[in-house]
Number of protein chains: 2
Amino acid sequence: MRSSIATVCLSGTLAEKLRAAADAGFDGVEIFEQDLIVSPHSPEQIRERAAELGLTLDLFQPFRDLLSVEEDIFRDNLRRLESKFQLMQRLGMDQILVCSNVATATVDDDEVRVDQLRRAGELAARYGCFISYEALAWGKYVNTYQHAYDLVVKADHPNVGTCLDSFHILSRGDDPSGIADMDPDKIFFLQLADAPTMEMGILPWSRHHRVFPGEGDFDLKNFMEQVAKSGYNGPVSLEIFNDEFREAEVGRTAIDGLRSLIWLADKTATRVPDSPLELPKLADAQSPRGFDFVELRTGRLGEVTKALHQLGFRLGGYHQSKPDFQAWVQGDVRIIVEDEGSTGGATELTGLGVIVDDATAAAERATALKATPVPRMTGEDEEDLHPVFTPDGSELYFCGPGQTGRGSTWIPEFGFEPDETSSSETSDVLINSVHHIALAQPRHMAAETRLFYSSVLGLEPAVPEFIPSPAGLVHKQAIEGENVCITVSAAPEGSEQGGFFAEHYPEHIAFGSDDVFAVAQRAVRRGLKMLPIPENYYDDLAARFGLEPGFITKIKALNICYDRSSNGEYLHFYTAPLGNTFFEVAEVRGDYRGFGWADEPIRLAAQYRALRDDVRGIPR
Amino acid sequence: MRSSIATVCLSGTLAEKLRAAADAGFDGVEIFEQDLIVSPHSPEQIRERAAELGLTLDLFQPFRDLLSVEEDIFRDNLRRLESKFQLMQRLGMDQILVCSNVATATVDDDEVRVDQLRRAGELAARYGCFISYEALAWGKYVNTYQHAYDLVVKADHPNVGTCLDSFHILSRGDDPSGIADMDPDKIFFLQLADAPTMEMGILPWSRHHRVFPGEGDFDLKNFMEQVAKSGYNGPVSLEIFNDEFREAEVGRTAIDGLRSLIWLADKTATRVPDSPLELPKLADAQSPRGFDFVELRTGRLGEVTKALHQLGFRLGGYHQSKPDFQAWVQGDVRIIVEDEGSTGGATELTGLGVIVDDATAAAERATALKATPVPRMTGEDEEDLHPVFTPDGSELYFCGPGQTGRGSTWIPEFGFEPDETSSSETSDVLINSVHHIALAQPRHMAAETRLFYSSVLGLEPAVPEFIPSPAGLVHKQAIEGENVCITVSAAPEGSEQGGFFAEHYPEHIAFGSDDVFAVAQRAVRRGLKMLPIPENYYDDLAARFGLEPGFITKIKALNICYDRSSNGEYLHFYTAPLGNTFFEVAEVRGDYRGFGWADEPIRLAAQYRALRDDVRGIPR
């Protein structure tokens, strides 16, 4: 598969875009004309630079409003087109994207279009160039891929083919299965884009909200399968118009993009094994058996270990060669705490270990998906957990099931035996799972983070929600496997109120328990500082669900929050913030599937107040 | 007019919202229930606090999904409703918003709805409460204001009325003229919101993109006129769901909101003079005769005055009592430069003077629209130009026409005579107007800035555009009067690439000339550093417009950019950046109406490069 990316996907200057595409590992780029026009570098310099970087220049785009016009306008269009062929010769490239007419079309006649397309092809041939004709979803007369293809077939010129763009096809709800039957010699180019489902006109949706494959809601696997079946063997290219990508760090966006293509190709390769596209096949995604451990780094060790003790964790031991690391355990839940010294630095979630059947293969898949391996720091006789960096620089570890089937093969390095503390028969083990890990990212990194974990770990995205907070709306989305679940919060940004959570939005670990009351009572007895829940919440809860006063009194006394679905209940409490993290303990009753997000506004407001004086003259 | 604002419009905690609403000058607030639920303050404390702040609590909202349900569900709904009446009693408030059913409606029968509404009214009466029934635009069975009103009339209960919400009515394209004929005793509440035209489903449009009146595209003047004609005399309240407001500084948002209400009331008062609403009437907006002067502050005086000299300005003189201020003039264009000492601080646009017929009345209008007067610092015998602060802290001055009719009555304070330098017959006066002032704001302040200038100066918004830049899309919109024009750029934000223009997006002055070539040639002779325009731009320009090679050579030699519309042409050049500002010189030919925004991507890319090393290994 030859991978490509349109320069319009990336921020910065054309020079910066080329560098980022090459650094990420793309084979080529599409030159978005505007990027060239604003560049101080000549076409010859761009050509030379691309060659230096090992990038092919795959497509020059877009050329607008060529066909469906009166003859005099068409002749002027040919003059414009010829000047672009001359420019393309200077760039050393030969393919141009011509999209269906939006602005100037007045002649709705396929015969005229076919004639004009053929004449454009003749002009292209004189320059050794090729025209890739695409139906825009909002083209005035031509707006379906089938129509564009029919025109190309009728034009019957070797320098004229069609360009398929997943957005223009899937945004209209068109069925892409007709692609499989196309003549591959007439498909000149393939552009891929995903998009979230939005109630929005197609044009603004396309111009502002496209995302990389796997970050939206289109069925791109099926789309790609149709393309592969056709026998197409050209570049597989990303063309994303996205307001956030335009403001993001270009190097990270490029890596995110290539990851999305590799992920999609892998998904498709399993279904079209003998495609001429030679889609790369990765090691199989292994949905984790569970979380093996979570790692925290803290400059306030006492605060963290006290909270862990209050929640019922026991200190297992210290790592024998890295004594700054200590393991805290309760049943099969393990927390590694890294003591960075009494710096006062905030406590942060720095690593996540998952249990998979084949750790080496899982790590190989991750690196094939553009994750950077963490340089090995383990001793010769220590377990290699194959850590890789996640997009925000935290670490993801892969642990085999070991002899117990429960992972944690590294426990002896901490100087204790797995069963010393992990027996679930121990009477004081009240927390027995990690219900979910709640990650947080600035808004522009959330989609990338979700795609990273879902592609590497084979998880699937759930339905997103918006949660109001005192500093702005928070977009939340879970990505789920059979045994593990990660939620990703996209925190507000900006220089004003939103900046508050941009800096302070905490990540957290939600523990699972069969008896949240027992955990809470023990924790309170041991002096745990819980996140205080307002009385008003309980008043509303009683009214909302018609709950018994006695039950309300009981949960209120322990700052326990409550949510209910048609299938079950979710009872949970939060600890007070510990730097940039905190803990939640949740008891799921029945078949409740969520994460207590109905209570998120309460939590966010309480954390906001905990971190900021809000009283301003009101008592309490 | 009693002004009110829903707490959901504002960021922060409920305590912070109340404080901001009171500080801005609102008479009351709507309590958005979620804000109360997450608050640690009891209803009694909120009641007390509002009283201390002089705020009435006008509406408790929302109560969802009451009507159109089976009897057993309705009874449970009444139980929920009763608990809210009890809560409202603790808050000391008596009106609740009930919106039409979206989620649980199963019974599409007006008789059932009328019966249920009446029974809810009876329950309300027992608590001395009132139900304000509103049709949501996406209500399952009830979604027009007329339908909601009909149900209220049929329910015929003194404790049941309707709530009118401009968004729910105008977003559907419904004609609001039926409001004028309504019984004012049956209209219990009025909520106002504006919104920009967007191709989007009504629900997400409503939840994320409402704006204050005057910041969107709805015809709220007509809407308000219908309400005033009905005889309604209750609160006029803002209910805005806006993602950016939720992240903005709460105090500024509140002032912006009250300004929007005052602006709208003023617009309406002229058309419904004897309305019982007693809409406040301000001093008439005076569309300025022209810009009187522009003020810059600089820590790099030499750089600025050199550029002014190169553009043909002459030093008029120094202010006699404030010698840090110097006046530079060319024809009727006057630039005041404030020397802040050789601090190296960036040059910034700090003030704008406009010529109006009655400066005192114009300043009165500004302060009535919540502009803060700048404390008077002028001497006894000096002109008072009535400066007020704009939302970003720069200053706006009002100057009368004076004896010349051309303003600048303050010139003698700088020790020269108006005609000494301002005669347009002077041969070297090549710049003869300020074509427009280009302001820039972070994205979340742009709408507020546009409303400030348009309400204070009586300008009208033009059609906005998005301009691509290497650091993100820039939203631009002009606000125009007959003789003056201001453009407002909403610059990208964020912590990554977008942050670049968040910090460095410059404001500028665009001068008008009848001969941009003569200005450019003189400037180049005097050594002006222009913003370099790439060759690629000229290659594209030639292809795009079919321009003569000779003409291209001529404009390329002077870094002049070119735009054309069906009616005319725009020739212009930009100076190199001077800190956070720069100058543009433009020649308009024919009836060209724009601002050369087709060339903005070129300018932004060039400025980006000028401020940031982009070369990375490519020569030049």
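**Two chains, one sheet, one buried leucine**

In this predicted model, a rotation of 180° with 0.0 Å of shift along its axis superposes chain A on chain B, with an RMSD of 0.1 Å. That is the relation of a two-fold axis. To find the axis on chain A, go to A:Met200. Its C-alpha lies 2.0 Å from the rotation axis, the closest approach of any residue of chain A. The interface fits this picture. Of the interface residues of chain A, 100% are also interface residues in chain B, so the copies meet through the same surface.

Turn now to chain B and its sheet. Seven strands form an open sheet there, in the order 10-11-12-9-13-15-14, with mixed pairing. Strand 10 (314-318) and strand 14 (388-389) of chain B stand at the edges. Each has a single partner strand, so one side of each is left without a neighbour in the sheet. Further in, strand 9 (residues 290-298) and strand 12 (residues 333-339) of chain B pair in the parallel sense, over five bridges. One bridge joins B:Glu295 to B:Ile336 in strand 12 of chain B.

Back in chain A, look at A:Leu439. This residue sits in strand 17 (residues 431-442) of chain A. Is A:Leu439 buried or exposed? Its relative accessibility is 6%, and the cut-off for buried is under 20%, so A:Leu439 counts as buried. What surrounds A:Leu439, leaving aside its neighbours within four places in sequence? Its contacts include A:Leu349, A:Thr449, A:Tyr453 and A:Glu507. The run A:Ile486, A:Thr487, A:Val488 and A:Ser489 is also in contact with A:Leu439. A:Thr581 is 142 residues away along the chain, yet its C-alpha is separated from that of A:Leu439 by 9.7 Å.

Key:
Residues numbered from 1 in each chain as written. Chains lettered and ligands numbered in written order. Predicted model: local features only at pLDDT ≥ 70, side-chain atom pairs only at ≥ 80, totals over all residues. Heavy atoms only, no water. Least-squares fit on C-alpha atoms with pLDDT ≥ 70 in both. Contact = heavy atoms within 4.5 Å. Pairing = 2+ DSSP bridges. Helix = DSSP H or I, 4+ residues; strand = E, 2+ residues; numbered from the N terminus. Buried < 20%, exposed > 50% of the residue type's maximum accessible area, 1.4 Å probe, protein only.
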